Amino acid sequence: MRKHILPCIIILLLLLTGCVSGQVAKTTNKTEPSMSKTEKRKIESWAYWLQHPSIALMAESPYELLVTDYSKDGSEEKAFSSKDIKVLHHFGKTVLCYFSIGEAEEYRFYWKKQWKESPPNFMGPENPDWPANHKVKYWREDWWETALKPYLDRILKADFDGVYLDIVDAYWFWHEQGMDVKATADDMVKLIARIATYCRERAGAGFIVCPQNGLGIIEDCSPTYRKVYFDTVNMVGLESLLENIHSEEDMRYRLELAKSLADTGKTILGVEYIESGEYKKYRKKVSKLKFKLIPYASTPDAALDRLTDFYAE
């Protein structure tokens with residue numbers, strides 16, 4: 001991304017003074033809930049940047065919605081403050097915080113060194129595809145109290161506009177370990193709803209909840225919790241929906257489920273991990289879908305360590 005001197009100077013001044021005008025305020029008054037930016041205007045573009053994100057580059061980017069980590073490097077020491085997020089608000093950005101709810105990450109503040117030798121009761125096996133990430137029994141209260149609730153408190157304190165919930169498909173992992181799929185799916189929906197309630201009671205009804213992937217949950221859960229899911233989420237993020245797919249059958253299945261969500265007014269975010277030369281082809285595929293999808297393309301390695309010029313061509 002090109003750097004522009006004037007925006008960077010403005011951003012620096014805002015960070016130093018904390019004097020940010022025009023931001024969307026949050027309120028703890030439940031009778032007068034705050035309105036999220038998505039309720040005031042429709043989101044037409046988004047970007048996804050998790051590794052070493054830059055407030056300055058995100059602020060001067062053309063993207064309206066940003067999904068980023070709560071910290072510059074994943075650690076608590078370099079966590080973003082409300083002043084940082086207010087800078088993004090000043091530049092008209094809606095900001096969601098990436099939040100893994102189905103795995104424990106060794107580089108997070110809640111991780112204890114002794115867990116390697118003596119794991120807590122909620123801990124499952126390490127993810128072979130993502131070292132230092134461990135499946136968790138997400139339905140357990142000790143997972144909520146040890147990691148999720150403290151993490152949400154930090155997200156709320158920093159004034160993020162919502163959460164982008166990853167590893168929702170952990171419900172399927174535990175089904176593959178022999179558990180009843182309806183039970184694991186229901187428990188995941190319960191957790192998503194609990195997160196939404198906790199945050200909206202503190203930040204206002206406009207707080208955004210956006211699960212990533214795990215679309216099959218709306219068919220695998222019970223009818224009661226299917227309704228809860230639809231009533232709770234505002235957006236859904238989908239990786240590799242049109243490119244790098246597992247199979248044509250899987251793609252058609254996911255497209256049908258995505259359309260069912262879009263038809264009820266949910267915002268659908270899509271991210272593909274492709275070369276820049278494939279951007280035009282990807283945008284053309286998106287334009288032919290039977291529902292609205294807001295696309296973004298990151299680098300093929302899926303490192304999510306920079307912003308791309310997805311709309312530059």
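**Close-up views of the predicted model**

**View 1. The lining of the largest pocket brings together residues of three classes.** The residues that line the largest pocket of this predicted model divide into 18 nonpolar, 13 polar and 15 charged (Ala, Val, Leu, Ile, Met, Phe, Trp, Tyr, Cys and Pro count as nonpolar, Asp, Glu, Lys and Arg as charged, and the others, Gly among them, as polar). About 1,600 Å³ of space lies in this pocket (the space filled by probe spheres set on grid points joined across faces, edges and corners). Of the 46 lining residues, W130, I167, D169, N213 and E239 are the closest to the centre of the pocket. A pocket is an open set of points on a 1 Å grid over the protein atoms alone, where a 1.4 Å probe fits, with protein on both sides within 12 Å along at least five of seven lines, and lining residues have an atom within 4 Å of a point. The elements that give two or more residues to this lining are strand 3 (94–100), strand 4 (103–105), strand 5 (123–126), strand 6 (133–136), helix 6 (170–176) and helix 10. Helix 6 supplies the largest share of the lining, namely four residues. Helices (H or I, at least four residues) and strands (E, at least two) are DSSP runs, numbered from the N terminus.

**View 2. Five strands form an open sheet with parallel pairing.** The strands of this sheet follow the order 1-2-3-7-8 (two strands pair if DSSP finds at least two bridges between them). Strand 1 (46–49) and strand 8 (208–211) are the edge strands, each of which pairs on one side only. Neighbouring strands are turned by 25° against each other on average, direction ignored. Strand 1 and strand 2 (residues 65–68) pair in the parallel sense over four bridges, and W46 has L65 in strand 2 as its bridge partner. Helix 7 packs on this sheet, where it touches strand 3, strand 7 (162–166) and strand 8, and its direction makes about 160° with that of strand 8. Contact means heavy atoms within 4.5 Å.

**View 3. Helix 7 meets helix 5 and also helix 9.** The axes of helix 5 (residues 141–157) and helix 7 (residues 181–203) come within 11 Å and cross at roughly 40° (axes are lines fitted to C-alpha atoms, for helices over the stretch in contact, and angles run from 0 to 180 degrees between N-to-C directions). In helix 5, the residues E141, W144, L148, K149, L152, D153 and L156 meet L191, R194, I195, Y198, C199, R202 and A203 in helix 7. This contact has nine nonpolar, no polar and five charged residues. The axes of helix 7 and helix 9 (residues 223–232) come within 9 Å and cross at roughly 35°. Here D186, V189, K190, I192, A193, A196 and R200 in helix 7 meet Y225, V228, Y229 and T232 in helix 9, in a contact that has seven nonpolar, one polar and three charged residues.

**View 4. Three strands form an open sheet, with parallel pairing.** The order of the strands in this sheet is 9-10-11, and its edge strands, strand 9 (235–239) and strand 11 (294–298), each pair on one side only. The twist averages 20° from one strand to the next. Strand 10 (residues 267–273) and strand 11 pair in the parallel sense over five bridges, with V271 standing opposite Y296 in strand 11. Helix 10 (residues 248–262) packs on the sheet and touches strand 9 and strand 10, and its direction makes about 160° with that of strand 9.

**Notes.** Residues are numbered from 1 along each chain as its sequence is written, and side-chain values use heavy atoms, with hydrogens and water left out. In this predicted model, local features need pLDDT of at least 70 and side-chain atom pairs count only at pLDDT 80 or more, whereas totals for chains, interfaces and linings use all residues.
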